[in-house]
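User: Could you take me through this model, starting with the domains and then the ligand site?

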Amino acid sequence: MDLYLLKFPYRKILEPIARRLEWLDPDALSYAAVGAAAATGWCFYRAADRPALLVWAVLLTLLRMTLNTLDGVIAIRRGNLSLRGEIVNALPDRYSDLLVVAGVALSPLCRGWLGLAALCSMVLVSYTGMLGRALGVSWQHHGPLGKVERLIILMVFALIQFVTLRGGSRAAWFGIEATPMEWAMGLFVLLGQVTVARRLGGQLREIDRKEALERLDPARNAGEAIVVYDSATGNTRAVAEEIARGLGCAATPVSEAGAAAGYGLVVLGSPNIRKSPSEGMRRFQAGAAARPKRVAVFATFGMPVWGQLSAPACLRGMARAWGMKPCARFSCPGLHRKYKTYRGRPNEADLARAFSFGLGLSRLIGRGKQ
Ligand SMILES: Cc1cc2nc3c(=O)[nH]c(=O)nc-3n(C[C@H](O)[C@H](O)[C@H](O)COP(=O)(O)O)c2cc1C
């Protein structure tokens with residue numbers, strides 16, 4: 001899920017308020033968000049006796065989300081983006097998470113051991129995210145338990161808990177006797193560990209990329225493979241260049257690409273244009289007199305959810321144009337110039353995935369030669 005993308009429309013909604021509050025120090029809003037989180041934790045802690053506090057917990061969570069978004073928007077407007085600002089942005093947020101989950105963990109609504117496990121899982125999620133920075137690669141943000149997901153899970157289950165408490169019964173779902181808040185904590189544990197694994201995977205890919213770039217000849221497959229791409233706004237080009245780096249060959253735009261037949265492997269890349277390859281790619285493929293031995297395909301897409309679902313059709317379009325079965329496929333998000341979705345993508349993590357894809361292809365060619 002790309003729930004973090006909700007941040008961008010929410011920022012737009014808050015723009016007029018940010019304009020009026022520009023005189024405010026964004027750090028003050030970050031600290032106010034910790035206050036909102038402490039109050040949320042208290043509401044959860046006392047909610048077993050007073051169910052209405054759960055509704056307050058949801059409202060305070062919304063307030064915290066708003067303050068956290070506003071501080072960023074104001075900082076950007078004031079040109080206040082700094083390393084100090086990053087500390088004030090990150091550390092109080094960790095305190096806030098701890099205060100909220102501690103409130104749930106210590107309340108009668110949750111078994112203590114489960115609350116503790118959720119707390120640890122959440123800390124490990126943040127820790128592995130930042131570990132990348134310490135290792136000299138990027139800050140890892142992906143995984144199913146990002147901040148937005150955490151807050152949404154808390155709000156949804158708090159509302160279910162409110163309804164259940166008012167009804168006077170304990171929920172037993174899937175044969176497990178547990179309160180909704182215990183289900184929420186269970187999700188924190190499970191999704192948290194999936195997130196840890198995905199963030200570690202992202203870091204390892206970036207580390208592999210760094211090491212491979214130092215060790216491998218950048219033109220080791222120059223005569224054997226080529227990456228041919230079409231790109232209007234640069235996303236597909238960035239991915240193509242990274243695949244070419246991993247593969248050890250050149251990346252060429254369709255407008256400059258010559259005959260493809262002389263290569264053992266041609267990697268074709270296009271933006272996803274309404275489920276199809278771009279016009280330029282289609283023209284290039286139609287004009288190619290002969291086919292290479294192997295083809296691999298990749299695409300970038302700009303629409304959340306729909307882009308991911310329709311990318312396979314775009315990839316199939318390229319493979320079918322040459323009547324070939326691709327030996328590998330890759331797709332990745334890229335900023336949509338018109339709708340401004342997927343800002344900052346492809347990012348470092350995407351490029352590391354693209355590099356791994358290229359590296360995998362180079363191993364494939366190596367195996368083919370033996
Ligand atoms: C005319 C047009 C149609 C598009 N259609 C889709 C689409 O159907 N699904 C999608 O996910 N992205 C769509 N996009 C977004 C692009 O696929 C995406 O932003 C891509 O990364 C752009 O690559 P480029 O920077 O290499 O040109 C479309 C973009 C344009 C300009």
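Analyst: The domains come before the ligand in what follows. This is a predicted model, in which local features need pLDDT of at least 70 and side-chain atom pairs count only at pLDDT 80 or more, while totals for chains, interfaces and linings use all residues. Residues are numbered from 1 along each chain as its sequence is written, and side-chain values use heavy atoms, with hydrogens and water left out.

User: How is the protein chain divided?
Analyst: Domain 1 covers 3-214 and domain 2 covers 225-369; the bounds come from an automatic or database domain assignment. Their centres, taken over C-alpha atoms, are 36 Å apart. Ten residues of domain 1 and 14 residues of domain 2 take part in the contact (heavy atoms within 4.5 Å).

User: How many salt bridges are there between domain 1 and domain 2?
Analyst: The count is two, a salt bridge being a side-chain nitrogen of Lys or Arg within 4 Å of a carboxyl oxygen of Asp or Glu. Arginine 209 forms a salt bridge with glutamate 348, with 3.2 Å between the closest N and O atoms. On the side of domain 1 that touches domain 2, helix H7 (residues 180-215) gives the most, with five residues (helices are DSSP runs of H or I, at least four residues, numbered from the N terminus).

User: Now the ligand: which residues are closest?
Analyst: The closest are Ser231, Ala232, Thr233, Thr236 and Thr300, among 20 residues that surround the ligand (a heavy atom within 4 Å).

User: Which ligand atom does histidine 336 approach with its side chain?
Analyst: An N or O atom in the side chain of histidine 336 is 3.4 Å from a nitrogen atom of the ligand. For serine 231, a polar side-chain atom lies 2.6 Å from an oxygen atom of the ligand.

Terms used:
Helix = DSSP H or I, 4+ residues; strand = E, 2+ residues; numbered from the N terminus. Polar contact = N/O pair within 3.5 Å; in protein donor to acceptor, adjacent residues only side chain to side chain.
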